[in-house]
Amino acid sequence: QVQLVESGGGLVQAGGSLRLSCAASGRTFSSLRMAWFRQAPGKEREFVARTLWTGFATYYADSVKGRFTISRDNAENTVYLQMDSLEPEDTAVYYCAAGLPGRTAYDYWGQGTQVTVSS
């Protein structure tokens, strides 16, 4: 089992920045694929960014590319999402997810943290 706890959400003005954190426990963190998803009101949950265990292989949704940066600290069992140049369209609940080695799906999810961007 893996437990994920997100933090760092809040209210920010358009153009501002936030840094989300996701602390993992329960399994060797360095073996996990980690990702961030988000769900806006009335919309489906969507992929935001992911990183493999090395932290160097990253991938982003087109909507956040160039503005968001995913990173991980395997020594601290934490993955981060640095969000810059925030837009009102980024308003959503952000979820951290972890995937086991050898699988394509994400097996564990955090409880989510609210990000609200005001115009």
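Which residues of strand β1 make up its covered face, and which its uncovered one? The legends below start from that strand in this predicted model.

**Figure 1. Strand β1 has a covered and an uncovered face.** The strand spans residues 3-7. Leu 4 and Glu 6 form the covered face. Gln 3, Val 5 and Ser 7 form the uncovered one. Strand β1 pairs with strand β3, residues 18-25. The pairing is antiparallel and runs over 5 bridges. Within it, Leu 4 of the covered face has Ala 24 as its bridge partner. Ser 7, from the uncovered face, stands opposite Ser 21 in β3.

**Figure 2. Strand β3 also pairs with strand β8.** Strand β8 covers residues 78-83. The two strands run antiparallel and share 6 bridges. One residue to look for is Cys 22, whose bridge partner in β8 is Val 79. Strand β3 thus appears in two views: it pairs with β1 over 5 bridges and with β8 over 6 bridges.

**Figure 3. Cys 22 and Cys 96 form a disulfide.** The count for the structure is 1 disulfide. The sulfur atoms of Cys 22 and Cys 96 lie 2.1 Å apart. The torsion about the S-S bond is about -80°, so the disulfide is left-handed. Cys 22 sits in strand β3 and Cys 96 in strand β9, residues 92-99, so the bond ties together parts that are 74 residues apart in sequence. Are the two cysteines buried or exposed? Cys 22 is buried, at a relative accessible area of 0%. Cys 96 is buried too, with a relative accessibility of 0%.

**Figure 4. Thr 51 is a buried residue of a strand.** Thr 51 lies in strand β5, residues 46-51. Its relative accessible area is 0%, and buried means under 20%, so Thr 51 counts as buried. Which residues does Thr 51 contact, leaving aside neighbours within four places in sequence? They are Arg 33, Met 34, Phe 56, Ala 57, Thr 58, Ile 70, Arg 72 and Val 79. Val 79 links this view to the β3-β8 view, where Val 79 is the bridge partner of Cys 22.

**Figure 5. Phe 37 and Tyr 106 form an edge-to-face aromatic pair.** The structure holds 4 aromatic pairs. In the pair shown here, the rings of Phe 37 and Tyr 106 are 5.6 Å apart, centre to centre. Their planes make an angle of 75°. Phe 37 belongs to strand β4, residues 33-39. Tyr 106 lies in the loop between β9 and β10, the latter being residues 108-109. The pair links distant parts of the chain, 69 residues apart. Phe 37 is buried at 12% relative accessible area. Tyr 106 also counts as buried, at 18% relative accessibility.

**Figure 6. Five aromatic residues are grouped in one cluster: Phe 37, Phe 47, Tyr 59, Tyr 106 and Trp 109.** This view takes in both partners of the edge-to-face pair, Phe 37 and Tyr 106. Phe 47, Tyr 59 and Trp 109 are the other members.

**Figure 7. Val 115 is buried in strand β11.** The strand spans residues 113-118. The relative accessible area of Val 115 is 0%. Which residues does Val 115 touch, not counting those up to four places away in sequence? The contacts are Gly 9, Gly 10, Leu 18, Leu 20, Met 83, Asp 90, Thr 91, Ala 92 and Tyr 94. Val 115 and Gly 8 are 107 residues apart along the chain. Their C-alpha atoms are nevertheless separated by 8.6 Å.

**Figure 8. The protein as a whole has 11 strands and 0 helices.** From the N terminus on, the elements run β-β-β-β-β-β-β-β-β-β-β. The radius of gyration is 13 Å, close to the 14 Å that the globule rule gives for 119 residues, so the protein is as compact as a globular protein of that length. Along the principal axes, the C-alpha atoms fill a box of roughly 40 × 25 × 25 Å. Of the 119 residues, 44% count as buried. Among contacts between residues at least 6 apart in sequence, 56% join residues at least 24 apart. The accessible surface comes to about 6100 Å². Carbon and sulfur atoms account for 49% of that surface.

Note on methods:
Residues numbered from 1 in each chain as written. Predicted model: local features only at pLDDT ≥ 70, side-chain atom pairs only at ≥ 80, totals over all residues. Heavy atoms only, no water. Buried < 20%, exposed > 50% of the residue type's maximum accessible area, 1.4 Å probe, protein only. Helix = DSSP H or I, 4+ residues; strand = E, 2+ residues; numbered from the N terminus. Pairing = 2+ DSSP bridges. Disulfide = S-S within 2.5 Å. Contact = heavy atoms within 4.5 Å. Rg over C-alpha atoms; globule rule 2.2 N^0.38 Å. Areas by Shrake-Rupley, 256 points an atom, 1.4 Å probe, with all protein chains shown as cover. Phe/Tyr/Trp six-rings, centres within 6.5 Å; stacked < 30°, edge-to-face > 60°.
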